[in-house]
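This briefing goes through a structure topic by topic. The sequence and the coordinates come first, and the notes follow.

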Amino acid sequence: MSDQAIVPDRQQQLPIYAKAHISSAIRFLRQGLPRTGIDNDQARLVIGFYCLATLDILDALESASSESEKEGWRSWIWAQQIRGIWGSGFRGSPGAATNQPASSEYDPPFLIMTYAALLSLAILRDPLTQLDREGLRKYLKISQREDGSFKLFPTSEEYDLRMTYCAFSICSMLDDWSSINIPSAVTFIQSCRTYEGGYGQEPNNEAHGGSTYCALASLHLVPPSSNYAGSSALLTPAQHAQTTRWLLHCQDASETGGGFAGRTNKVQDACYCFWCGASLDILGMAQVVNADANASFLLECQFRFGGIRKDRVSNPDPYHTYLALASLNILSKDTTNPPFEEALDPLWNARASTQLWLKQRLHATPATAAPA
Amino acid sequence: HGIKRTKVDAAAIAARREKEKEKLRAYLESEKEILDLKEANEWSEAALQLTEQFLNTNPEHYTIWNYRRDIFTKLVFVSWTPEDAYQRLVLDLRFTTSALKRYPKVYWIWNHRRWCLENTPSGPGTEPDSKGEEGIDGWEMAVWSQEVLLVEKMLSLDERNFHAWDYRRYILSHCPPSLRRSDADELAYTTRRIEKNHSNFSAWHQRSLVYTSLWKEDPSQRAPALDQEFELVKNALWMAPDDQSGWLYHRWLVGSGDDVTILEKEIGVIEELLEVEPESRWTLDTLVYYKRLLMKHRSEQGKRQLVEECRRSLETLCRIDPMRRRRYEDIGKRILEAYSYNVAYNIQGATL
């Protein structure tokens, strides 16, 4: 019995409206978001990342933008690198810029923005020579709290698994884990695990698809050579089974389903198709997922004139657009005719060539061979 | 006729675009005005007003929240009377209440409330201190008790808003001691929410947190509580066997399956339910899971029996829940492999 027959009315899957998504991403990069996106103004950098990553995954960056445009974007991103008392990192936009000394309390670097900046620059093939590595190391060190978690910015009250993932990703990109305390970070990750089998954003929170991805990716990014005593970072067989189970049951099995929900008893949403789908891939269980049903749902979330929605009715946005494509990519990579040029690495959330670029520019002994 | 309509539409579109542009212009102008004031170290009530208007439009502008708090720190708490400062904080709490109604998931708003609570000055009223002199926590008591009410209101509007649940946990652990809820009270609260709606997973989750901390403090409480909880969740499972919340809670109660009495009893309870609902996905799925746990307590023959039962259940599951067919096939394979390995090497209690 083929999986396609499971959802009988969806014999023909919709195509990916690649051209529309490309022009939508380019439009946002060139003109910004409409007024309805005002509340994202402080987060411009990460919105830009989702647009760039969309172009990257669709293999369209070269053709859709000029060299001078790319240079402009690279410069804009570098203009958000700020140095100060907390080391160096990136902020989300110049919206908080002041005449005061750089990276004051008003204008700190953000961990999520720093992560997005590095990936964006790699997608744009920036030589990364302007990166203040020393400052970045200092910033990472300062960002970590005693309980092992990482703060959104140095004076922030927010510290959850999203920041842990960003910190671990940055260390992976730099191939330098010297500025963080891995064992305490791992302890924090494990303290976010719930009896459902997933991981909440913080201890005591319900299991959530996004933070489950952050937890699993972080645990698997820890370099095996890292010299810390104590139990392995990875899951026990029982935990592995339990997490797999929770993730798989997040997939909506109704007639109009196929997508993944983000928490127990919530509704399907395109972004969780990535958070949960990629999590299953990290656990080595992607082949157990009903990828066809997932794809059917996501393709129906597309807006014909560009962008992908979280469901079939809301407005599309860059975040859901990229993550929907990423989910399609991850869950189709082992099929005979994957619709994407290159597979995404589920831990780095970047395509292989972008990952290679980062390694070549930032690792001490860069990988010269093609990635495995 | 057609031409006129097109003209009107074009004019309407142009008018809308102009309006949008104007709104954007006004927004950017307002942002600049406020940031310029901040630059100039202007700590004034007028500036406070401006930030309030702005934050109503864009509550995600963290810099302007910061500026607002700085005005409090550098003006209100310094130059105003404690009474006036308190009243101003109360106004801020009211302001964030209406902001939260429109933006219930914006971190900055929740954070600002926390900040207001933590910076409430001491004020007259309530309990006299040990010397019999007038109490000094009247204002704190007022704001904190308001918070408990507010967060419960938020939760009745959206029972799954984890920001609100988080905030509730924060309130209950940081409020003045006389306002703290006992664990019994908290359990009663979750019972009410669960009775109102069995699929309120967040309420079940909160319940598990209360018990976890209770049992950590006093492990002897666990056994009697379990009896009661199994009864409670059994009701939920019978009323709504298709709802995942009760099943997950049940699994949590059963735990690792080391207590074979509990395991056998609960398998019995669930098999009863299965007789009434033979094609219930959660029921079958849970049974397979518990029977796998039971295998470690069984002899060779008992194991064989359980393997066969699981195989049949998994077959049904493949049919009624085809979305996860491959998962059930995978489980079936693993059970068989572990069982064969068991038999071949005569190993007791191997993990399946």
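Leaving aside its neighbours within four places in sequence, which residues is A:Phe168 in contact with? The contacts of A:Phe168 are with A:Phe150, A:Trp177, A:Ile180, A:Ala185, A:Ile189, A:Ser218, A:Leu221 and A:Val222. The model is predicted, and the points below are grouped by topic.

**Chain A overall**

- Chain A contains 14 helices and 4 strands.
- Of the 372 residues in chain A, 63% are buried.
- Among contacts in chain A with a separation of 6 or more, 64% join residues 24 or more positions apart.
- The exposed area of chain A is about 14300 Å², and 52% of that area is supplied by carbon and sulfur atoms.

**Nonpolar core**

- The largest nonpolar core holds 208 residues.
- Within this core, the residues that touch the most other members are A:Leu55, A:Leu111, A:Phe168, A:Tyr199 and A:Tyr213.
- Helix H5 of chain A (residues 111-123) gives the core its largest share, 11 residues.
- In soluble globular proteins, nonpolar side chains tend to be buried together.

**Helix packing in chain A**

- Helix H4 (residues 67-78) of chain A packs against H5(A) at an angle of about 160°, and their axes are 10 Å apart.
- With an angle over 145 degrees as the criterion, H4(A) is therefore roughly antiparallel to H5(A).
- The crossing in which H4(A) passes H5(A) is left-handed.
- On the H4(A) side, A:Arg74, A:Ile77 and A:Trp78 take part, and they meet A:Ala117, A:Ser120 and A:Leu121 of H5(A).
- Helix H1 (residues 18-31) and helix H2 (residues 44-57) of chain A pack at about 145°, with axes 9 Å apart.
- H1(A) and H2(A) also make a left-handed crossing.
- H1(A) contributes A:His21, A:Ile22, A:Ala25, A:Ile26, A:Phe28 and A:Leu29 to this contact, while H2(A) contributes A:Gly48, A:Cys51, A:Leu52, A:Thr54 and A:Leu55.
- A:Leu55 of H2(A) thus appears in this contact and is also one of the core residues that touch the most other members.

**Helix packing in chain B**

- The axes of H2(B) and helix H4 (residues 82-102) of chain B come within 11 Å and cross at roughly 15°.
- H2(B) and H4(B) are therefore roughly parallel to each other.
- H2(B) and H4(B) form a right-handed crossing.
- From H2(B), the contact involves B:Glu45, B:Leu48, B:Gln49, B:Glu52, B:Leu55 and B:Asn56; from H4(B), B:Arg88, B:Phe95 and B:Arg102.

**Positive phi outside glycine**

- Most residues other than glycine have a negative phi.
- A:Asp175 is not a glycine, yet its phi is positive, at about 55°.
- The loop that holds A:Asp175 runs between helix H7 (161-174) and helix H8 (182-191) of chain A.
- A:Asp175 counts as partly exposed because its relative accessibility is 45%.
- B:Asn41, not a glycine either, has a positive phi of about 55°.
- B:Asn41 sits in the loop between helix H1 (2-39) and helix H2 (45-57) of chain B.
- The relative accessibility of B:Asn41 is 44%, so B:Asn41 counts as partly exposed.

**Individual buried residues**

- B:Phe201 belongs to helix H9 (residues 201-217) of chain B, and with a relative accessible area of 0% this residue is buried.
- Outside its neighbours within four places in sequence, B:Phe201 is in contact with A:Tyr195, A:Glu196, A:Glu206 and A:Thr264 in chain A, and with B:Arg160, B:Ser245 and B:Leu248 in chain B.
- From B:Phe201 to B:Gln244 the separation is 43 residues in sequence and 8.2 Å in space, C-alpha to C-alpha.
- A:Ser327, in helix H13 (residues 318-332) of chain A, is buried at a relative accessible area of 1%.
- Leaving aside neighbours within four places in sequence, the contacts of A:Ser327 are with A:Cys273, A:Phe274, A:Asn294 and A:Leu298.
- A:Trp86 is placed in the loop between strand E1 (81-84) and strand E2 (87-90) of chain A.
- Because its relative accessibility is 11%, A:Trp86 counts as buried.
- A:Trp86 and A:Asn315 lie 229 residues apart in sequence and 38 Å apart in space, C-alpha to C-alpha.

Key
Residues are numbered from 1 along each chain as its sequence is written. Chains are lettered from A and ligands numbered from 1 in the order in which they are written. This is a predicted model: local features need pLDDT of at least 70, side-chain atom pairs count only at pLDDT 80 or more; totals for chains, interfaces and linings use all residues. Side-chain values use heavy atoms; hydrogens and water are left out. A nonpolar core is a set of buried Ala, Val, Leu, Ile, Met, Phe, Trp, Tyr and Cys residues joined through side-chain atoms within 4.5 Å. Buried means under 20% relative accessible area, exposed over 50%, partly exposed in between (1.4 Å probe, protein chains only). Helices (H or I, at least four residues) and strands (E, at least two) are DSSP runs, numbered from the N terminus. Contact means heavy atoms within 4.5 Å. Accessible areas come from the Shrake-Rupley method with a 1.4 Å probe; for residues, only the protein chains shown count as cover. Axes are lines fitted to C-alpha atoms, for helices over the stretch in contact, and angles run from 0 to 180 degrees between N-to-C directions. Angles under 35 degrees count as roughly parallel, over 145 as roughly antiparallel, 65 to 115 as roughly perpendicular and the rest as oblique. A crossing is left-handed if the near helix is turned anticlockwise from the far one by less than a right angle, and right-handed if clockwise.
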